[in-house]
Amino acid sequence: MEFGFTPEEQAFREEVRRFVAEHPPERYPLDGMDAGYGSGAHSRAFLAELGARGWIAMTWPHAFGGAERPMFFKLVLFEELAAAGAPFGPLAGSWQTADAIIEYGTERLRREVLPAVARGEATFWQGYSEPGAGSDLLSLTTEAKRDGDTWIIRGHKIWSSHAGIATHGLVFTRTSREARRSRGFSMLVVPNGTPGMQIRPIRSLTGEVYHYEVFLDDVRVPADTMLGPEGEGFQALLNGLDSDRFWGRYYKAPALERVLRQLVDHANTTIVNGAPLARDPVVRRRLAGMATEIAALRVLFHRAACLLRDGAPISYETAVAKVMADELGQKLGRLGMDLLGPWGPLREGSRGARLDGRISHDYLTSLGHTIAGGTAEVLRTTIAVRGLGLPADKRA
Amino acid sequence: MDFALSPSQQLLVATARDFLRKHCSPETAQRLALDERGFDDALWRRMAELGWPGLLVPGDLGGSDGSLLDVVLLVEEMGRAGLPGPFVTSAVVATALLLAAGGAEQQRRLLPALATGERIATLALVEAGGSFEPHAVTLGCEVPGRLTGTKLFVKDAHVATDLIVAVRDGDLLWLPVDRSGIVRLPLDTLSGEKLFEVTFDAVDVGAEDRLSRNEDALGAALAAGALARTAEMVGAAQRVLDLAVEHAKTRVQGGRPIGGYQAIQHACADLVRDVDTSRGLLYLAAWKVSEGQPAAGDVATAKAYAGEACLTVARRGHQIFGAIGYCEEHPLHLLHKRIQAASVDFGDAGQHLETVARSIGLR
């Protein structure tokens with residue numbers, strides 16, 4: 001057993017810390033909302049800065065412009081950026097898409113998309129959910145029909161994060177009717193701005209825009225923008241889910257730790273009834289209890305990281321980590337609001353807002369986390385059925 | 001970073017699991033819990049033959065130079081089996097104390113006998129206030145002089161050969177249990193663990209009975225005890241999870257196994273989280289201690305978190321099992337009671353969360 005990071009990983013951590021100190025994240029203009037996952041807001045300028053350092057492509061093969069650094073460098077980068085509150089919102093999604101393109105993408109995708117990802121320019125929206133297809137993804141109705149060397153897509157996608165400011169959509173669509181319900185799906189990489197694509201913002205409960213709905217009205221794309229084998233898209237999606245869940249939540253523990261540090265400062269410096277809030281035994285206990293849970297979350301992700309690195313089989317490990325990350329974030333949001341009392345509901349930027357009004361923002365955004373990327377209920381069923389071998393519900 | 005056990009650790013765990021399956025079945029554990037003495041001399045001798053009591057003892061004193069991480073892995077298996085007895089108090093806590101605070105002569109005289117299991121030592125720390133914190137000790141004793149007072153919750157004092165008595169100002173006294181004036185009064189516990197109130201009535205204490213004064217020694221031994229008890233909880237909680245999943249697969253109601261119902265599935269999913277996280281924090285803390293890194297916050301985190309999480313596993317386990325879990329012949333209740341007892345031993349959540357509170361910078 002070994003719970004430390006290697007000297008190389010530590011040296012990289014120092015490098016990232018120096019970068020963050022020299023490039024304070026708050027200086028970068030923001031393009032899209034911080035949805036509270038821990039990866040901050042969407043900032044093209046900040047992503048470009050990471051790209052310029054070669055960090056986005058650092059784990060890729062040399063042949064695709066990478067440096068073939070070990071996967072754990074990505075963990076270190078995420079931890080340090082999240083601890084600093086940096087705006088790297090879409091990075092996990094870019095990495096996941098790039099890895100898929102490297103593994104089974106066409107020449108066109110490799111040539112046209114990968115260099116733009118590496119520079120921090122290309123980001124992706126996921127066109128999975130539809131108005132009638134949420135947890136039951138297979139009931140989606142978007143279809144693509146083959147016409148010579150092109151696919152013509154027709155359908156309606158919704159809850160696509162940052163779709164209006166990303167460069168490409170990953171559109172999950174039916175390409176054929178098969179006897180088995182899970183066959184006949186494919187993934188197409190569709191550049192934003194392709195004729196026939198209409199993107200409408202959805203204002204969220206924070207008042208900002210994070211999600212979009214996308215109408216695809218005979219959108220025509222070249223056949224070699226298909227990512228993965230035709231008709232096997234659902235299997236590919238399932239295969240990628242374990243690592244998607246992992247990378248989409250890895251930064252949660254360091255981000256929650258950052259919020260906890262802010263709440264500890266707040267408790268130390270806020271005088272209530274003549275004594276610091278930190279002296280209130282209930283407050284002490286709740287903050288300390290939260291610290292133990294964040295430590296538990298971190299260790300869960302570190303274990304999952306080792307499994308992913310070693311290519312070990314994963315049945316439930318990333319699902320359990322995602323559920324815990326999302327529920328713990330909600331719990332911390334609740335705790336923060338309790339500690340702030342009447343200041344809690346003040347918005348970011350309001351006169352008198354404490355901790356920059358971030359707690360109220362986290363409180364709201366965390367509500368979506370147990371729904372996005374697989375609801376906590378669906379994932380608990382996954383843990384029970386795939387992880388523990390309990391019988392699957394035949395209706396599912 | 002690597003969560004895998006070393007080959008020798010794998011061997012230790014496999015041997016322990018196999019041995020305990022054979023020699024400490026649920027029926028044996030239950031029989032020992034109900035038995036007044038509750039100590040199986042033959043089982044203790046067999047464990048000694050495997051070298052377990054000497055795991056922490058240096059090789060030149062008859063032990064096997066193991067680390068606290070090794071101990072934690074072994075005790076996790078003991079927790080899984082519901083093994084009762086003085087292993088933690090003697091082979092972990094007393095041994096750690098003797099290693100940290102014993103003089104060279106005391107170590108040469110006592111450690112080899114602890115390693116072979118011939119001597120069993122137990123710690124007498126807690127007083128009427130119920131605290132496991134060293135600074136809460138009020139019992140005083142001039143050395144040389146006479147010791148008069150009471151200690152509570154002394155584990156397995158009836159089979160121990162020696163008591164380590166914590167007295168005021170950081171002194172530790174090593175006293176044979178048969179010294180005149182020492183009386184051991186059994187407490188009746190839920191878990192079947194044998195706990196005693198020990199009274200000292202003008203007991204003679206000489207300079208040779210005192211361990212060297214070492215402020216950190218008691219703290220380190222209590223940390224080892226806290227982690228060993230955490231390991232016990234993790235092992236027992238894992239066993240509850242395994243049993244619950246097995247039950248959910250085989251118990252049929254409404255025409256299908258109850259594990260096919262989401263209410264049961266989701267409960268089981270939460271048990272997995274609680275067990276995996278508790279184990280992760282346990283290994284992390286034990287690894288840090290074994291590496292000589294500062295670990296007070298990690299130990300407190302593991303003990304506080306696992307105490308809550310593992311007890312939750314046991315309690316939800318009862319709901320999954322339904323009526324059968326209410327029966328004495330079923331293994332669940334004993335595992336539950338052991339987890340509950342371990343959660344308050346060597347510091348409850350309140351004590352450890354206060355350590356965590358300070359470690360995260362709360363003033």
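Student: Which residues touch the most other members of the largest nonpolar core?

Tutor: As a general idea, nonpolar side chains tend to be buried together in soluble globular proteins. In this predicted model, the largest nonpolar core has 233 residues, and those that touch the most other members are A:Leu287, B:Leu227 and B:Cys268. Helix H7 of chain B, residues 215-250, gives the most to this core, with 20 residues.

Student: What does B:Cys268 touch, leaving aside residues up to four places away in sequence?

Tutor: On the chain A side, B:Cys268 touches A:Ala384, A:Leu388 and A:Leu390, while within chain B its partners are B:Ala244, B:Val245 and B:Ala248. Another core, of five residues, lies apart from the largest one, and A:Met33 and A:Tyr37 are among its members.

Student: How should I read the place where the two chains meet, and how many residues of each are in contact?

Tutor: The size of an interface is often given as the accessible area lost when the parts come together, but one can also count residues. Here 39 residues of chain A are in contact with 37 residues of chain B. Helix H9 (281-310) of chain A gives the most to the side of chain A that touches chain B, with 15 residues, and by class that side has 25 nonpolar, seven polar and seven charged residues.

Student: Which domains does the assignment give for chain B?

Tutor: The assignment gives domain 1 (7-115), domain 2 (121-209) and domain 3 (215-359). The C-alpha centres of domains 1 and 2 of chain B lie 22 Å apart, and 16 residues of domain 1 are in contact with 13 residues of domain 2.

Note on methods. Residues are numbered from 1 along each chain as its sequence is written. Chains are lettered from A and ligands numbered from 1 in the order in which they are written. This is a predicted model: local features need pLDDT of at least 70, side-chain atom pairs count only at pLDDT 80 or more; totals for chains, interfaces and linings use all residues. A nonpolar core is a set of buried Ala, Val, Leu, Ile, Met, Phe, Trp, Tyr and Cys residues joined through C-beta atoms within 7 Å. A residue is buried if 20 or more other C-beta atoms lie within 10 Å of its own, exposed if 12 or fewer, and partly exposed in between; C-beta atoms are placed from the backbone. Helices (H or I, at least four residues) and strands (E, at least two) are DSSP runs, numbered from the N terminus. Two residues are in contact if their C-beta atoms, placed from the backbone, lie within 7 Å. Ala, Val, Leu, Ile, Met, Phe, Trp, Tyr, Cys and Pro count as nonpolar, Asp, Glu, Lys and Arg as charged, and the others, Gly among them, as polar. Domain bounds come from an automatic or database domain assignment.
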